[in-house]
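User: Hi! Could you take a close look at one strand and its pairing for me, and then walk outward into the rest of the fold?

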Amino acid sequence: MTARLRLRGLAAACVWVCFFVLPAQATPAPLPPKAAIASGHPLATRAGLDILAQGGNAFDAAVAVSAVLAVVEPASSGVGGGGFYLLHVAANDRDVMVDGRETAPMAASRDMYLGRSDGAGSTDGPLAAGIPGEPAAWAWVATHYGRLPLAQSLQSAIRIAREGFELYPRLQNAIRVKQRRLAASPDAAAVFLIKGEVPPVGARIRQPLLARTLELLAREGADGFYKGAFAARLAAGVRKDGGLWTTDDLAGYRIVERAPLRLHYGDATLVTASPPSSGGVVIGDALAILAGYDLTALDANTRRHLTIEALRRAYRDRAEYLGDPDFVRIPIEQLLSPLYAAGQRTSIRLDRATPSTVLRPVFTGDESPSTTHFSVLDRDGNRVGATISINLFFGATYMVPGTGFLLNDTMDDFSISAGTPNAFGLVGADANAIAPGKRALSSMTPTFVERPGGLMIIGSPGGSTIISNVLGGILNWLDGKSAAEIVAAPRVHHQYLPDSVMLEPGALSAEERADLEKRGHKLREGRTTWGNTQVVTWDYASGKVEAASDPRGAGVGLVY
Ligand code: DON
């Protein structure tokens with residue numbers, strides 16, 4: 001069967017029309033017999049299930065999971081960061097993306113990181129930090145979609161911050177990597193180091209100041225954070241140490257509700273992150289290319305080769321065209337159209353890799369395992385896929401004294417200058433240049449995939465590799481793989497530049513590697529794995545609900 005692709009991209013204000021053949025309408029799903037949550041840490045998954053048991057819905061559970069992750073995965077996400085919450089509201093069959101992405105402060109400017117002697121302005125210290133969106137997102141999700149008060153959903157996080165949790169190997173490793181930087185921020189050092197040294201596994205990590213900040217949020221909602229004395233303290237602290245925030249930046253922070261991107265591939269419908277995430281567009285661009293081949297009739301090596309070639313082209317488009325849709329016009333309709341995809345396919349050969357330099361140039365690192373994703377399904381059929389971040393390990397590795405949380409270094413997701421790769425080796429152009437109030441282009445891709453027989457909620461951290469990881473998960477799910485198989489599957493990545501295929505250790509057999517090399521691909525097998533994928537699946541016919549957490553991480557998926 002040749003996969004058919006229809007796409008309907010929805011932007012906040014307008015509806016992009018469909019291009020292709022329509023799949024069979026998915027039959028309305030029954031109610032799930034069980035609820036399920038998969039997240040990066042067992043305490044977060046359990047906090048979410050507790051909230052469901054207390055009568056909360058998936059959205060309350062998402063707030064609880066997210067807040068506990070802010071406490072127990074402080075290298076990955078937190079009060080000082082932001083992210084995207086993809087919601088499906090079963091009662092009115094509505095999908096929405098709550099955009100809690102950080103914004104550039106109003107004093108930010110296009111060339112603000114150029115010519116700095118330390119060269120680290122966009123990744124370390126308060127100058128690297130955008131205005132956080134996470135606290136606003138919690139309050140938004142709780143008040144607009146939840147059933148329980150925000151304070152109730154924050155309770156577990158407050159308790160764990162105060163009482164502490166046991167340091168686990170993955171977090172200890174992250175502390176080791178950033179030990180020197182953490183030591184430079186006294187409040188961060190007090191939480192994560194013991195006399196300047198990395199604590200042993202099992203040590204209790206207590207965060208009393210973070211507990212106080214969370215209590216403030218529980219008591220006063222988002223205003224407690226973005227306005228008044230706390231905001232004044234944050235802005236003053238950031239400015240004293242070289243950052244740009246003002247109280248107006250904080251008071252002016254706004255959540256944006258965006259229509260997710262809706263893609264159709266074969267008989268599956270994808271609801272996925274729209275700009276300022278690049279994830280949905282890159283996946284749609286790649287799937288539109290792949291839709292021209294009968295993948296089921298091809299051997300695994302050729303299929304892998306074609307997926308790499310599709311990713312190469314889709315990531316190239318990312319670099320050129322994508323940015324914050326409130327600032328730049330993104331030609332989504334064109335990028336996802338079958339005609340454009342047919343054009344892209346003309347340069348693809350089955351037997352040869354296309355060097356990235358042959359593609360029209362866009363005037364262009366290694367991942368650090370921060371950022372986190374969780375997936376929630378409740379028994380009313382509500383869904384949440386949320387990918388949240390402070391960007392690199394421990395974000396800006398900086399805490400404003402007295403506040404207890406790390407600031408993000410999401411400013412590095414902007415294109416610092418045309419062609420300069422960011423921490424993930426991603427290049428960008430004008431569309432993603434820094435501007436006051438703008439959101440940096442993201443790769444975070446929370447996604448729902450539905451076909452007549454069932455659904456999957458998927459997402460992962462991993463910087464630039466998020467998108468290829470989610471695409472791989474989608475193709476594996478469509479091939480009938482289980483949630484556990486999907487999260488465990490070996491990963492293969494290409495992002496246009498650098499022009500090499502990144503492989504997890506042992507991802508491919510010697511024969512599979514030789515096959516790709518014969519076609520002209522340059523392979524780069526890393527020393528580490530990447531991603532921390534969290535998947536919930538539900539098969540309508542059997543009623544089977546599964547939740548699986550990536551074996552590379554420390555999380556757990558539970559069904560309730
Ligand atoms: O929004 C983005 O694309 C990045 N800030 C995500 C960073 C990330 O996934 C780091 N994790 N490994």
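Analyst: Happy to. Let's start with a pair of residues: Gly-454 stands opposite Asp-539 in β17. Please keep in mind that this is a predicted model. Gly-454 belongs to strand β13, residues 454-458, and four bridges join β13 to strand β17 (residues 534-539), with the two running antiparallel. β13 also pairs with β12 through five bridges, again in the antiparallel sense. Here Glu-450 stands opposite Leu-455 in β13. The connection between β12 and β13 is brief, as they form a hairpin with two residues between them.

Is β13 covered or left open? It is mostly covered, with five of its five residues buried. In general, side chains of a regular strand alternate between the two faces of the sheet. In β13 both faces are covered: Gly-454, Met-456 and Ile-458 are buried on one side, and Leu-455 and Ile-457 on the other.

From here we can step back along the chain. The loop between β11 and β12 (447-451) holds Thr-403. Because its relative accessibility is 0%, Thr-403 counts as buried. Beyond its neighbours within four places in sequence, Thr-403 is in contact with Asp-187, Leu-209, Leu-210, Thr-213, Phe-230, Arg-233 and Leu-234.

Two of those contacts, Phe-230 and Leu-234, lead into helix α10, where they are buried along with Ala-231, Ala-235, Gly-237 and Val-238. Seen down the axis of α10, the buried residues fall within an arc of 165 degrees, so they line one face of the helix. What covers them includes α8 (208-220), α9 (222-226) and α11 (247-251). The face turned away from that buried side carries the exposed residues Gly-228, Ala-229 and Lys-240. As for its geometry, α10 (residues 228-240) has 13 residues and reaches 18 Å from first to last C-alpha, close to the 18 Å expected at 1.5 Å a residue. The helix is followed by Gly-242, whose phi is positive, near 105 degrees.

The strand before the Thr-403 loop, β11, opens the way to another sheet. Strand β11 (383-389) pairs with β10 (372-377) in the antiparallel sense over six bridges, and within that pair Thr-372 stands opposite Ile-388. Both strands sit in an open sheet of seven, ordered β7-β4-β3-β11-β10-β2-β19, with antiparallel pairing. At the edges stand β7 (256-258) and β19 (556-559), each with a single partner strand, so one side of each lacks a neighbour in the sheet. Neighbouring strands of this sheet are turned by 10 degrees against each other on average, direction ignored.

Two helices lie across this sheet. Helix α1 (42-53) lies across β2 (36-39) and β19, at about 155 degrees to β2. Helix α2 (58-72) lies across β2, β3 (82-89), β10 and β11, at about 155 degrees to β10.

Next comes the nonpolar packing. In the largest nonpolar core, which has 89 residues, those touching the most other members are Tyr-85, Trp-138, Phe-192, Leu-214, Phe-374 and Phe-394. The largest share of this core, 13 residues, comes from α2. Residues up to four places away in sequence aside, the contacts of Phe-374 include Ala-62, Val-65, Ser-66 and Leu-69, as well as Tyr-85, Val-384, Ile-388 and Gln-534. A second, separate core has 73 residues, among them Ala-288, Ile-289, Ala-341 and Val-427.

Two further spots are worth a visit. Thr-103 is found in the loop between β4 (94-100) and α3 (134-145), and because its relative accessibility is 10%, it counts as buried. Among its contacts outside the neighbouring four places in sequence are Gly-130, Tyr-253 and Arg-439. Finally, an open sheet of three strands has the order β14-β15-β16 and mixed pairing. Its edges are β14 (492-493) and β16 (523-525), each with a single partner strand, so one side of each is left without a neighbour in the sheet. β15 (501-503) and β16 pair in the parallel sense over three bridges, and Leu-503 stands opposite Glu-525 in β16.

Note on methods: Residues numbered from 1 in each chain as written. Predicted model: local features only at pLDDT ≥ 70, side-chain atom pairs only at ≥ 80, totals over all residues. Heavy atoms only, no water. Pairing = 2+ DSSP bridges. Axes fitted to C-alpha atoms, helices over the stretch in contact; angles between N-to-C directions. Contact = heavy atoms within 4.5 Å. Expected span 1.5 Å × (residues − 1). Buried < 20%, exposed > 50% of the residue type's maximum accessible area, 1.4 Å probe, protein only. Arc of directions from axis to C-beta. Core = buried A, V, L, I, M, F, W, Y, C linked by side-chain atoms within 4.5 Å.
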